[in-house]
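Please open the model in a viewer and keep the selection panel at hand. The tour proceeds from one selection to the next.

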Amino acid sequence: MRYFALILLIFSGTVLLKGQVRIRLFASQSPGSVIFRVTAGSYSMTDANGNPLVVNTGEPVLISRFGERVAMKVRNREGYVYDTLKIEGLTGKDNFSLSINGSIPLLRVYSGDLHCYYDLDNILLINVCNVEEYIAGVVRTEGGDGRNSEYFKTQAVLARTYLFRYFEKHAMDNFNLCDDTHCQAFNGVNTSLAITSAVEATRGLVVLGADSALISPAFHSNCGGETALAEDVWLSGQPYLKKVKDPHCTSSGNATWQKRISLSDWIAYLKKSGYSGRSDNPGIFAFSQPSRVYDYRAGSFALPLKQIRNDYGLRSTFFSVIVEGDSVLLKGRGYGHGVGLCQEGAMAMALKGSDYRKIVDFYYNGVIISDIENARKPEKVLLSGINKSKAGSNQ
Ligand SMILES: [Zn+2]
Ligand SMILES: [Zn+2]
């Protein structure tokens, strides 16, 4: 990546909506080779001398690292080596598939162009695609299929907000966002009509805070009945990321969890974490959390719940501790960090008839949904402060 000069990306809603986004593919796998196939439309590529090379639909093209360059080989033909390999769609409705072998073989379909570079012993695969097609792909990946259209609209507005807020997140590396949960999970094109129409119905719409700046649209799987304060989870808070009592998610799939730990292990863990009080009266370790708090408490001892969650790999920090004989039972609610929008609550709201504006308004405090044209130009955005979790992930 050191080879690439910093490119300056101009923030302009109009330019971006008509324009394209550069997404790094297979960011968490970092493949050394990939098989490319045209699946729709047609693509132009050239041999190393700049002469056009025709590849048929479905014909496998092996793209791999070659020294510090990129090699391309079509079966039974001569191979070529490039500094940059650009494979560009010609019809405007061009799709290609990429497959990688690895511990988990993957096959994914994308639209638009593919640019390939050598990068630190791997090939850097960048998909240059239409912004709204990218949004639809993110909604499919993050939100799943077969759900209510108002829920898809909610996800579309959040994904678009994230894209524009963090548009320069990887600008130093010559792309905008990666396809991993580090940015937004993106597993390629969307084929669901329900998602396509939800994205179209919210075209260009984003969530703005009271200062007209794009919000950081944090979300998580299930809040357990109350969302968390951002400053309790990360270093700083946001006026729009406040606690919300959520009656919508409490009978959903990730509403509750529990974990049993032996009393002696629990006491040993607390001692290791700084507890120096008595342990002959186990009742002192009982802890009730009807509403979210920051610390677990035993007598005058306090330990941040997020540290316990992290140390035990728990689903949430929203749990109580019940002492039962020679063990403790952690009775927990929700899944994820709890900040911002609760996905299972949002789904339930959508099913009960709320539209996406009402859902966004419920989970984010004092925001408006507006066209990207109305967003205040971002100042330097702090990139590392906010993480997101998709449904089922353990963040
Ligand atoms: Zn990223
Ligand atoms: Zn909830």
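Along the chain, the donors of the zinc ion (ligand 1) follow the spacing H-x7-C-x3-H-C. The model is predicted: local features need pLDDT of at least 70, side-chain atom pairs count only at pLDDT 80 or more, and totals for chains, interfaces and linings use all residues. Residues are numbered from 1 along each chain as its sequence is written, chains are lettered from A and ligands numbered from 1 in the order in which they are written, and side-chain values use heavy atoms, leaving out hydrogens and water.

Select the zinc ion (ligand 1) with its protein donors, His-170 (NE2), Cys-178 (SG), His-182 (ND1) and Cys-183 (SG), which lie 2.0 to 2.3 Å from the ion. Donors are N, O and S atoms within 2.8 Å of the metal (3.2 Å for Na, K and Ca); water is not among the atoms, so sites may look incomplete. The angles among the 4 donor atoms are 98 to 116°, and the site is tetrahedral (four donors with all angles between 85 and 135 degrees).

Next, colour two of these residues by accessibility. Cys-183 is buried, at a relative accessible area of 0%, whereas His-182 is partly exposed, at 44% (buried is under 20%, exposed over 50%, partly exposed in between, with a 1.4 Å probe and protein chains only).

Now select the open sheet of 6 strands, ordered β7-β6-β5-β2-β9-β10 with antiparallel pairing. Strands are DSSP runs (E, at least two residues), numbered from the N terminus, and two of them pair if DSSP finds at least two bridges between them. At the edges stand β7 (80-82) and β10 (106-111), each with a single partner strand, so one side of each has no neighbour in the sheet.

Finally, display β2 (residues 33-40) and β9 (residues 95-100), which run antiparallel and are joined by 5 bridges. Phe-36 has Leu-98 in β9 as its bridge partner.

Technical notes. Four donors count as tetrahedral if all angles lie between 85 and 135 degrees; four count as square planar and six as octahedral if opposite donors are over 155 degrees apart and all others between 65 and 115; anything else is irregular. Helices (H or I, at least four residues) and strands (E, at least two) are DSSP runs, numbered from the N terminus.
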